[in-house]
Amino acid sequence: MQHGNRVPGVRRIAVLRANAIGDFIFTLPALEALRAAYPDAEIVLLGKPWHAAFLADRPGPVDRVIVIPPCRGVGELEDYPNDSETLDRFFAEVAEEDFDLALQLHGGGRYSNPFACRVGARVTVGLKTPDAMPLDHWVPYVFFQNEILRYLEVVSLVGAPPVTLEPRVTVTDADLAEAAPVVPHDNRPLVILHPGAGDPRRRWPPQKFAAVGDALAASGMRIGVIGTGEDERHLVDTVVGTMRADAVNLWEKLTLGGLAGLLSRSPLIVSNDSGPLHLAAAVGAATVGIYWCFNLINAGALTRARHRPLLAWRLECPACGLNCLEGQCDHQDSFVSDVPVEDVIDQATELLAQSSRQ
């Protein structure tokens, strides 16, 4: 990892990261490194409305959030029709912030590097694919790299060496207060199942989640099933409806802060590779994560004492047989369905036993 020098006279730092919760969590060790290297600077996240709501009054390395307008390739799809006047007004207002550093932690830079440059900072730092414009300091964006280490490598260019490798999110009293009436405390440990994922191909079958839920309920666990959005509603309903044991249906029952509070009460989450899995780890829960093999490289936890990934090695589309390394098809069938239920139960049981001994 490269180690550059600290930039002198830094009073205000802009960090561009305008996407989902898991993506934000991957940047937290890099943001902690920035906080340690520039303790007197204000760190401002250029993010989405959910960032502003979730980070308001939450201790952490981010001091403030500026919500960016919808922008092609930066928080929106690459075919999004930009509103040039809105963006021009936004960048005029941001220029008045007089940022000293602008860090692009938002991907390869084809769209995000021009965005970062328009912030008007003295120094720009970030990632770069071959087709992206260069910043003042950059490292190559190579797809296969653990995301946590990727962003630590970026901030090291401006004299911010790592101070931690594992993301941490502070749980507030408000988070716990929101979760308490939704899932009242009882004498059973609460295990959370999350059958959703942004990409349907990363979803383990809900019937298999139900089998895991029944096995853990039989060992004395209380089971809750989480999900958000209409595309996850049927997944949650299927898990709860398929289980023989009672389970708490938590679809759309909590804000992101309330979910953080609930996950912090749980000794374990069993989940596909998804935002809630990474949030759970960041608030202190142990995790059993179900990954497609290549996704583990980028999104897998770095330690194994409390985090156990289970991998699916399938490369061919279950519907048409096309090798995903040779091309892409339009099918959305699961690439992770082959992960055995028994393996998930074994890892979950081991982590729960370990938790009970602590």
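A cavity here is a set of points, on a 1 Å grid over the protein atoms alone, where a 1.4 Å probe fits but cannot get out, with grid points joined across faces, edges and corners and a volume taken as the space filled by probe spheres set on the points. The model is predicted, so that local features need pLDDT of at least 70 and side-chain atom pairs count only at pLDDT 80 or more, while totals for chains, interfaces and linings use all residues. Residues are numbered from 1 along each chain as its sequence is written, and side-chain values use heavy atoms, with hydrogens and water left out.

**View 1. The cavity and its centre.** By this rule the count is one cavity of 30 Å³ or more, and the largest cavity has a volume of about 230 Å³. Lining residues, those with an atom within 4 Å of a point, number 21, and the closest to the centre are His278, Ala281, Gly300, Ala301 and His307.

**View 2. Elements of the lining.** Two or more residues each come from helix H1 (21-37), helix H10 (275-282), strand S13 (286-292) and strand S14 (307-312), these being DSSP runs numbered from the N terminus (helices H or I, at least four residues; strands E, at least two). H10 gives the largest share of the lining, four residues.

**View 3. Helix H7.** Helix H7 (residues 206-218) has 13 residues and reaches 18 Å from its first C-alpha to its last, close to the 18 Å expected at 1.5 Å a residue, where the expected span is 1.5 Å times one less than the number of residues. Just after H7, Gly220 takes a positive phi of about 105°.

Technical notes
On a 1 Å grid over the protein atoms alone, a cavity is a set of points where a 1.4 Å probe fits but cannot get out, and a pocket is an open set with protein on both sides within 12 Å along at least five of seven lines; lining residues have an atom within 4 Å of a point.
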